[in-house]
Amino acid sequence: MASKAAVPQGAPSEPPKTCKVILADTIAKKMLAEVQSTLSAIQLPRRPTLSAFLANDDPHAYQYAEWSKKTCEEQGFSFNLVKVDKESLEEAIIAANNDPEVDGILVYYPIWPANQGHQDRYIQETVSLAKDVEGLCHTHLFNMYHNVRFLDPPANLKKSILPCTPLAIVKALEHLQIYNPILAYGNRLYGKTITVINRSEVNGRPLAALLANDGATVYSVDITGVQLFTRGSGIKALRHQVVDKPDLTLNDVLPLSDVVIGGVPTEKFKVPTELLREGVVCINFSSFRNFDGPAVKEKASIYVPSIGKVTIAVLLRNLVRLIANSPRQEGTSDDAQKAREGAFKDD
């Protein structure tokens with residue numbers, strides 16, 4: 001009878017766990033430290049103030065508001081939550097636009113779920129460009145979709161604001177080293193195939209555009225079908241292009257994907273784990289769990305179960321960027337002005 005092979009001394013008794021679970025806290029902490037150091041350098045003479053408007057009854061929006069308030073106050077920001085009737089919202093936003101003590105404005109969407117394309121869009125345009133911490137007004141969205149990264153070319157000192165949740169996912173992918181720093185800035189997702197399951201105008205579509213503008217092949221999936229976002233063959237185009245793919249379904253694109261990002265706002269939906277490729281990276285940004293946690297850990301190399309705290313860190317980051325973009329005030333030192341011009345310039 002053959003004897004059992006001896007295990008060499010010092011060798012592991014079992015293989016390491018396949019999947020690494022990364023919590024949003026881990027990613028957010030580094031970003032919040034960067035926010036604090038930048039805010040200190042630009043020498044604002046008072047606490048920055050964010051006014052947030054809640055005009056719906058969504059419990060998830062209220063929870064996000066509570067998390068935002070907690071993080072803001074912990075980080076030395078003032079957070080003013082304004083609960084307002086939707087019919088009075090426009091007037092309240094205009095007042096905040098004209099208030100010199102308010103540095104940024106946040107609105108919790110949707111406000112009119114049955115008519116988001118018109119009434120919600122109108123409210124997004126009501127927010128001043130100088131205070132749009134979510135990056136949802138036309139100028140910021142135009143820049144994002146057209147891969148224009150600055151508000152003031154050719155000086156290129158004022159970065160455009162990007163939507164909070166899409167940018168939070170980008171920052172998570174950078175943290176996970178999915179972005180390749182060896183490649184040129186703007187091309188660092190070249191060679192990656194990513195599926196985004198959500199194509200809302202606030203989150204899913206902007207995210208697909210950002211990832212494609214950075215070089216990825218992106219399959220954008222929602223209940224109406226699949227669209228392909230890319231910068232073309234060899235990523236030679238300056239900005240992403242979108243092509244409908246009526247012959248494809250979610251089941252077709254999942255096995256092709258290096259990264260799968262779930263954002264479906266219902267408890268009933270689950271990404272079919274059996275269709276995920278071995279070693280996939282899975283990120284959930286829905287308020288519900290789009291992945292079967294125990295099952296996905298047997299298939300994925302990295303799993304990020306939520307992104308909310310990173311979104312709040314991005315919210316504060318965007319607020320500091322708005323302050324940095326604002327006109328130079330009398331009495332601002334040369335060092336502080338230099339810090340404003342260099343705020344978060346590496347992205």
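## Exercises on a predicted model

Strand β9 (residues 259-262) and strand β10 run parallel, joined by 4 bridges. The model is predicted: local features need pLDDT of at least 70, side-chain atom pairs count only at pLDDT 80 or more, and totals for chains, interfaces and linings use all residues. Residues are numbered from 1 along each chain as its sequence is written, and side-chain values use heavy atoms, with hydrogens and water left out.

Helices (H or I, at least four residues) and strands (E, at least two) are DSSP runs, numbered from the N terminus. Two strands pair if DSSP finds at least two bridges between them.

**Exercise 1.** Find the partners of β10 and say which residues of β10 are buried.

*Solution.*
- Step 1. Start with β9: its G262 stands opposite N284 in β10.
- Step 2. Go on to strand β11 (residues 302-304), which runs parallel to β10 and is joined to it by 3 bridges. Here C282 has Y303 as its bridge partner.
- Step 3. Recall that in a regular strand the side chains alternate between the two faces of the sheet.
- Step 4. Check burial (buried is under 20% relative accessible area, exposed over 50%, partly exposed in between; 1.4 Å probe, protein chains only). V281 and I283 lie on one side of β10 (residues 281-284), C282 and N284 on the other, and all are buried.

**Exercise 2.** Test the length of helix α1 and sort its sides.

*Solution.*
- Step 1. The expected span is 1.5 Å times one less than the number of residues. For the 19 residues of α1 (residues 24-42) that gives 27 Å, and the end C-alpha atoms are 27 Å apart, so the two agree.
- Step 2. List the buried residues: A24, I27, A28, M31, L32, V35, T38, L39 and I42.
- Step 3. These cover an arc of only 130° around the axis, so they sit on the same side of α1. The arc is that of the directions from the helix axis to the C-beta atoms.
- Step 4. Look at the other side of α1: K29, K30 and S40 are exposed there.
- Step 5. Name the cover, by contact (heavy atoms within 4.5 Å). It includes α2 (59-74), α6 (164-175), α10 (308-325) and α11 (334-341).
- Step 6. Move just past α1: Q43 takes a positive phi of about 60°.

**Exercise 3.** Give the strand order of the open sheet with 3 strands, and its edges.

*Solution.*
- Step 1. The order is β3-β2-β4, with parallel pairing.
- Step 2. β3 (78-83) and β4 (104-107) are the edge strands, as each pairs on one side only.
- Step 3. Strand β2 (residues 49-54) is joined to β3 by 6 bridges. A52 stands opposite L81 in β3.
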